[in-house]
Amino acid sequence: MVHMTDFGSLYEKHKNLSEDAQKKAGKAIAGKMTDDHESFMKKVLKMLDKKEIDPRDPQSFLKMKVYNDLDDEWKTKVDLMLPNLADLLRIIVEFRLSKETPDESPQLETMIGHLWQMKERIEKDYDVFKF
């Protein structure tokens, strides 16, 4: 845990960073992701390439047979999650496909982990998503 005095000393130490140093500090760094994260990313990218899912159409993420069989409470939970899932998926794909960011990085791994957690909140009970 960083205490205020620690934060203050960090600020003093780094307050005069050049603009180039500030830009560099804000960029994603390269770093190996776990095999599970990389495998999940490849699966999602393959589904996007094949047009099986589309971040602009969150309904495309759903296994409709499973979704249609859900009770109203679970449909509502899924419906409320879909826009956030779609936004995060769009950000992940843009990050991964960008020439400005590394294909593997701790930042990307964190985003993938968050996406995974979001879908697992539902899928611990119902396997409703295609990915």
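Start by selecting lysine 51, which sits in the loop between helix 3 and helix 4 (64-69). The model you are viewing is predicted. Is lysine 51 buried or exposed? Lysine 51 has a relative accessible area of 71%, and the cut-off for exposed is over 50%, so lysine 51 counts as exposed.

Stay on lysine 51 and look at its backbone. Most residues other than glycine have a negative phi. Lysine 51 is not a glycine, yet its phi is positive, at about 65°.

Now zoom out and show the whole chain as a cartoon. How many helices and strands does the chain have? There are six helices and zero strands, and from the N terminus the order of elements reads α-α-α-α-α-α. Of the chain's 131 residues, 33% count as buried. Take the contacts between residues at least 6 apart in sequence: 72% of them join residues at least 24 apart.

Next, select helix 5, residues 72-97. At 1.5 Å a residue, its 26 residues should span 38 Å. The C-alpha atoms at its ends are 37 Å apart, which agrees with that expectation. Where is the kink in helix 5? Center the view on leucine 82, where helix 5 has a kink of about 35°. Proline 83 comes shortly after the kink.

Keep helix 5 selected and show the side chains of its buried residues. Among them are Trp74, Val78, Met81, Leu82, Leu85, Leu89 and Arg96. Which helices do the buried residues of helix 5 pack against? Show helix 3, helix 4 and helix 6 to see these partners.

Then hide helix 5 and keep helix 3 (residues 35-49) together with helix 6. Two packed helices are described by the angle between their axes and the distance between the axes. Here the axes come within 10 Å and cross at roughly 75°. Helix 3 and helix 6 are therefore roughly perpendicular to each other. On the helix 3 side, select Asp36, His37, Phe40 and Met41, which make the contact. On the helix 6 side, the contact residues include Leu108, Ile112, Trp116 and Lys119. By class, this contact of helix 3 with helix 6 has six nonpolar, two polar and three charged residues.

Last, select glutamine 107, found in helix 6 (residues 106-123). Its relative accessibility is 32%, so glutamine 107 counts as partly exposed. Add methionine 33 to the selection: the two residues are 74 apart in sequence, and their C-alpha atoms are 9.6 Å apart in space.

Methods: Residues numbered from 1 in each chain as written. Predicted model: local features only at pLDDT ≥ 70, side-chain atom pairs only at ≥ 80, totals over all residues. Heavy atoms only, no water. Helix = DSSP H or I, 4+ residues; strand = E, 2+ residues; numbered from the N terminus. Buried < 20%, exposed > 50% of the residue type's maximum accessible area, 1.4 Å probe, protein only. Axes fitted to C-alpha atoms, helices over the stretch in contact; angles between N-to-C directions. Parallel < 35°, antiparallel > 145°, perpendicular 65-115°, else oblique. Contact = heavy atoms within 4.5 Å. Nonpolar A, V, L, I, M, F, W, Y, C, P; charged D, E, K, R; others polar. Expected span 1.5 Å × (residues − 1). Bend = angle between axes of the 7 residues up to and from the residue.
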